[in-house]
Amino acid sequence: MLKQRLFVDSLRRSKATWASSNSRVHELAQAPINPVTLKRLLDLGETKNLRESSLLLHSELPKRLARRVKAVQKLPFIVGVNPHIRSIYQLYLDSFEILSQLPEPTDNDSQQLFTDTLKDLVASHADVIPRLAKGFQECGRYMSREDAADFLDGMIHARIAIRVLAEHHLALQEPIPGYIGVLNTNLSPTTVLRHTADYVQELCEINYGVSPEFQLSGHLDTRITYISNHLEYIFMELLKNASRATVEHSKRISRRGEQPVVQITVARGPADVTIRVRDMGGGISPEDMARVFEYSYTTVPKSELEEDHNIFSSQSRQAMQAGVGGPIAGLGFGLPMSRIYAKYFGGSLELKSVGGHGVDVFLRVPNISRSDNKHLI
């Protein structure tokens, strides 16, 4: 009897705590977000105003986290109780609770507490996208494509904004020459492309036994101001897609000898840079082309994902489907996320397919200006 009373009391306290938490979530989710311009982000970095940066994030991040919690709460019940989706919900709710209860960072001690806490939370959110992808692969059929896309667009866009703000603040704690917070002011797309190409080539050779070469041309001395890991994610997706398509098309048509070269061209404009990735991987069928930017759509055969290979082959296959934030093998988030990253600061990502021959991918990203008051985070 005593145990039963203790259990009931515990349940009541739990419900009271949940109700209180949900009330705070609802309140802050309704509060207006104060968009941050790129100019303000750069100003905070150049002046190294850690106090203002702490106060800004202390005010903004709980509101943005609360909106994500409410968004998950509005999902259909059968989607929301999926273990992967449920774990994301709990992660965002816990992060909201932790940040919203921290004291205002007005002095050195409270600023350090805020920064240390933020660092831990950023690390804890590293695998949100793989979990999200797995959850929607398992239960996305219970939502319309449009509703699922709206939810995922909002979730991923908000996640990018939260991470840009948080990682910018953390980067200000230990400044790196050539960077203003998270922004690389002397970023060489060519250098990032070469590093990514080397990595993809190695993985492709482990996975398939062969790999196409990558040939770079154009304005290879181009330098821009941009966020390095955004470009790394996009380049990884584009190059592994081109590599995989080339090798698999060669097998289908019994193409012998060396693999066709994947051509990468860098073109510098007055205020942006365009990168074209051209492969000879057979192109994309009209049916697939209509769906390549849909979430959870993948051309990786189901049997290939379920095969039991040795550990090196399995790891490389996962890495071939990976971007910043962990492996998402065959879950179909690569291109949709790449386009969101490309468009985030006003860029674009387009595919042109030549049936039976190959694909041209055009990525355009801006050279972020120090006076940019247009793009909001």
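The paragraphs below lead from the chain as a whole to one of its helices, then to its cavities and to two residues in loops.

The structure is a predicted model. Its chain has 377 residues, and 49% of them are buried. The secondary structure consists of 14 helices and 10 strands. Among the contacts in the chain with a separation of 6 or more, 78% join residues that are 24 or more positions apart. The accessible surface amounts to about 18700 Å², and carbon and sulfur atoms contribute 52% of that area.

Helix H2, which covers residues 38-47, offers a view of how one element is placed in the chain. Its buried residues are Leu38, Leu41, Leu42, Leu44 and Gly45. Because they cover an arc of only 155° around the axis, these residues lie on the same side of H2. The general geometry of the α-helix is relevant here: with 3.6 residues a turn, residues three or four places apart point the same way. As for what lies opposite, the buried residues of H2 pack against H3, H8, strand E1 (179-180) and strand E2 (183-187).

Helices H3 and H8 appear again in the description of the internal space. A search of the whole structure gives 3 cavities of 30 Å³ or more. The largest cavity holds about 160 Å³ of space. Its lining comprises 13 residues, and those nearest the centre are Leu65, Leu121, Val122, His125 and Ile162. Two or more lining residues come from each of helix H3 (50-73), helix H5 (83-100), helix H6 (108-124) and helix H8 (145-173). H8 supplies the largest share, with 4 residues. What is the character of this lining by class? It has 9 nonpolar, 2 polar and 2 charged residues.

The backbone deserves a separate look at two positions. Most residues other than glycine have a negative phi. Lys48, although not a glycine, has a positive phi of about 55°. This residue follows H2 and belongs to the loop between H2 and H3. Ser254 is also a residue other than glycine with a positive phi, here near 55°. Where in the chain is Ser254 found? Ser254 sits in the loop between helix H10 (228-252) and strand E5 (262-268). Ser254 counts as exposed because its relative accessibility is 55%, and the cut-off for that class is over 50%.

Technical notes:
Residues are numbered from 1 along each chain as its sequence is written. This is a predicted model: local features need pLDDT of at least 70, side-chain atom pairs count only at pLDDT 80 or more; totals for chains, interfaces and linings use all residues. Side-chain values use heavy atoms; hydrogens and water are left out. On a 1 Å grid over the protein atoms alone, a cavity is a set of points where a 1.4 Å probe fits but cannot get out, and a pocket is an open set with protein on both sides within 12 Å along at least five of seven lines; lining residues have an atom within 4 Å of a point. Grid points are joined across faces, edges and corners, and a volume is the space filled by probe spheres set on the points. Ala, Val, Leu, Ile, Met, Phe, Trp, Tyr, Cys and Pro count as nonpolar, Asp, Glu, Lys and Arg as charged, and the others, Gly among them, as polar. Buried means under 20% relative accessible area, exposed over 50%, partly exposed in between (1.4 Å probe, protein chains only). The arc is that of the directions from the helix axis to the C-beta atoms. Contact means heavy atoms within 4.5 Å. Accessible areas come from the Shrake-Rupley method with a 1.4 Å probe; for residues, only the protein chains shown count as cover.
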